[in-house]
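Reader: I have a model open on my screen and would like to understand the labels people attach to its parts. Could you take me through them?

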Amino acid sequence: MFRMTLARKWGMLAIIAILLVSTLGLPGSSDKAYAANTTYYVDSAAGSDSASGTSTSTAWKTLTKVNAVTFQPGDKILFKKGGSWNGQLHPLGSGSAGNPITIDAYGTGSRPLINGGSIASGAAVYLVNQQYWVIQNLEITNHSGSDNSGTATVGGVPRHGIYIESNGGGKLNYFRIANNYVHDVNGCFNCGAVAPHTNGGISMFAGGAYDGFNDVIVENNTVDHVGRNGINIWDASYHTGDQTVVIASQLSTGLKVQNNSVSYTDGDGILVFGFKDSIIQYNVANGAGQKMIAGFNMNASAGIWPTRSIGTIVQYNEAYGTRTTDTDGQGFDIDLGHYGAILQHNYSHDNEGGFILLMGPYTNTSTIRYNLSVNDAYGGEKGVFTFSWGVPEGTNIYNNTIYIGSGLKNPIYCDGCDASTPGNWSFKNNVIYNMGSGTYSYPSVGATFDYNLFYGNHPASEPADAHKLTSNPLFVSAGSSAPGLSTADGYKLASGSPAAGSGLLIAGNGGKDYFGNILSNTAAPSRGFHEAGTFTAPTQLIDEASDWSVSSSHSTNMEFDTTNPAYFNGDASRIKRSSTATGYVIYNYADMLQFTAGIYEFNINLTKVKFYSSPNGTTWTLVSSSNTTPVATAAGWAATQYTPTANLPAGTNYLKVEFSDTTSAWGTQLGRIVISK
């Protein structure tokens, strides 16, 4: 199984440099000039391509007409509800900042249908090297009517519902893909020379060394019965030669994938590849991994997973029904080449391969906290937690609740652990309610188990834990694994639970449990994903500069530096810039009055470190601040502390920390910042 999982990872690495090429020629553009900020209407029943298209009574009729026009910033292309069009929708042109081009619907009735089933390959809705587009309120299908899966040795052809491509187009900006119904897309499972994960329901792909995307939101879409993937957002330019090393400056930025429902996909549900600081939230992935090809080395699938990325936050999602086929099959996965992922507040259940896969090498500092897993790993082959190819360095798993029903196996399972990549990892404050018959198998090197509650069956391999509890955690109503986030209520701690208030205080815990209850930064927490104690919001906001969960936003050139902590008084993580352009981090904390910001500097002009306050996050006022005399640390670095010279203005809700020195991107670094009321 290890060999198959490893083949999947390296197989993906070997083909990501191959660009997707559409087999359809681009439509020719019309000689007619069109004005910007114009609304065009398309009516499949009563329209006419010889009409002006600028009113409902003069609507165009066909996709051919739409595809022949180079649209201008601010234009809208509206398809009549209840209408249906066969072929490919590929309008030309780009919008501009503040004036995107919008594809939308008008009228009453069902969504307008774009059916790409008649095209030989490619996408029903297609953009290439275009930017500033909105695609919303469409129904899209693209099924050729024949089996396009491919075999173990011969690939099928890529097919997509919506496909946005940068192919030598550079970094493309601003895309909104919203409220579409994408279904019945028979993409290839083995696509030959093309990475199979890059085709399916909604796909974005950047293949060139300088290609990528910025400011992308994919939200409120329903994706059903598609292959290979449901939603795939992929930037292959994450490296500069060594495909195992992620280069932060080359990653795409500004991605949110949220409030989507993805079901019954041949392969993965939602995949994000090659992005920095993405947010994947409030999605449902149901029934990933529906297909496999005997003898094919890339059958693995997971519900929701990021890879080759930095700082992805995966939260408030539900993943269930993922199938193992011949490997993997987890609800969630933090895969090869990911740094600083946070997976929190998710509900995982009934996934054949388990709750989460953690891919060992070239991956580090993953945080798995305040999640609920119910009846995962029911296949018995893998476990609720699966480490593949070693343990990711700095993996922290804490305050999760795991319920394992009768007959299920392997609460913690190590799949192909490699002693050469052991990694340091911790497992704390978790509740494991184990009615299953499986044993524990896990990498003991570098492992720390503490303050966990193990209840039910206790195999001899259960981890040693100096502060272990083995009593009944007293869930409100355990046992259900039904779809829907409300099921989690049954796994709250009832009154008198031994897990309440008996955990280990963990710094930087995110501030909230699964249910949004406030976590104390001074009192002992409850064990598991539910905080049973009642705490008021803390009077301080503390950011240890190790992940983006505390700050509210930041410029795209801000990143974490975890190198050489000995130069920084042992501070293991700081925030720095990736370029000399002005960079900032913004904090949102109501009615703040004071702050203390730790700054490290390397022969830098400290007047270029500035702080701004704001009541609304829009209007900013320079804060008068002072700093202590810099004290040398090591290797030319020095540390100083900034504070405001007076209380911040009444009603201050936002604080911006700004670096603007142009002599060095890395020479100014933000360490710990404490904001107080």
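Author: Happy to; what follows is a set of questions on how particular labels are earned. Please keep in mind that this is a predicted model.

Reader: Let's start with the cysteines. How do you know that C188 and C191 are joined by a disulfide?

Author: The sulfur atoms of C188 and C191 are 1.9 Å apart. The cut-off for a disulfide is 2.5 Å between cysteine sulfurs, so the pair qualifies. The angle about the S-S bond is 100°, and the link is right-handed. Searching the whole structure turns up 1 disulfide.

Reader: What makes C188 and C191 count as buried?

Author: C188 has a relative accessibility of 0%, and C191 has 5%. Buried means under 20%, so both residues meet the condition.

Reader: On to the rings. Why is the pair of Y126 and Y163 called stacked?

Author: Among the 40 aromatic pairs in the structure, Y126 and Y163 have ring centres 5.7 Å apart, with 15° between their planes. Centres within 6.5 Å make a pair and planes under 30 degrees apart make it stacked, so the label fits on both counts. Y126 belongs to strand β6 and Y163 to strand β9, so this pair ties together parts 37 residues apart in sequence. Y126 is buried, with a relative accessible area of 4%, and Y163 is buried at 4% as well.

Reader: Then what makes the pair of F602 and W666 tilted?

Author: Their ring centres are 5.1 Å apart and their planes meet at 55°. Stacked needs under 30 degrees and edge-to-face over 60, so 55° leaves the pair as tilted. F602 sits in the loop between β44 (594–601) and β45, while W666 sits in the loop between β50 and β51 (668–676), so the pair links parts 64 residues apart in sequence. F602 has a relative accessible area of 25% and W666 has 40%. Partly exposed runs between 20% and 50%, so that is the label for F602 and for W666.

Reader: How do you know that β6 and β9 are paired strands?

Author: Strand β6 (residues 122–128) and strand β9 (residues 159–166) share 6 bridges in the parallel sense. Pairing needs at least two bridges, so these strands pass. Within this pairing, L127 faces I164 of β9. Strand β6 is also mostly covered, with 7 of its 7 residues buried.

Reader: What makes β40 and β46 edge strands?

Author: The open sheet here has 5 strands, in the order β40-β43-β50-β45-β46, with antiparallel pairing. β40 (553–554) and β46 (621–622) each have a single partner strand, so one side of each lacks a neighbour in the sheet. Elsewhere in that sheet, β45 (residues 609–614) and β50 (residues 654–659) run antiparallel and are joined by 6 bridges. K610 has E658 in β50 as its bridge partner.

Reader: What makes the backbone at N375 and A635 stand out?

Author: Most residues other than glycine have a negative phi. N375 is not a glycine, yet its phi is near 55°; A635 has a positive phi of about 55°. N375 lies in the loop between β30 (372–374) and β31 (385–388), and A635 in the loop between β48 (631–632) and β49 (638–644). With a relative accessible area of 13%, N375 is under the 20% limit and therefore buried. A635, at 47%, falls between 20% and 50%, so it is partly exposed.

Reader: And why is the bond from G227 to R228 called cis?

Author: Its omega is near 0°. Most peptide bonds are trans. R228 is placed in the loop between β14 (222–227) and β15 (229–235).

Reader: Finally, how do you know that D571 has no salt bridge?

Author: The nearest side chain of opposite charge is R574, 5.3 Å away. A salt bridge needs 4 Å or less, so R574 does not qualify. D571 is buried and is found in the loop between β41 (558–561) and β42 (574–577). Leaving aside residues up to four places away in sequence, D571 touches P565, Y600, G671 and R672.

How values were computed
Residues numbered from 1 in each chain as written. Predicted model: local features only at pLDDT ≥ 70, side-chain atom pairs only at ≥ 80, totals over all residues. Heavy atoms only, no water. Helix = DSSP H or I, 4+ residues; strand = E, 2+ residues; numbered from the N terminus. Buried < 20%, exposed > 50% of the residue type's maximum accessible area, 1.4 Å probe, protein only. Lys, Arg positive; Asp, Glu negative; His and termini not counted. Contact = heavy atoms within 4.5 Å. Phe/Tyr/Trp six-rings, centres within 6.5 Å; stacked < 30°, edge-to-face > 60°.
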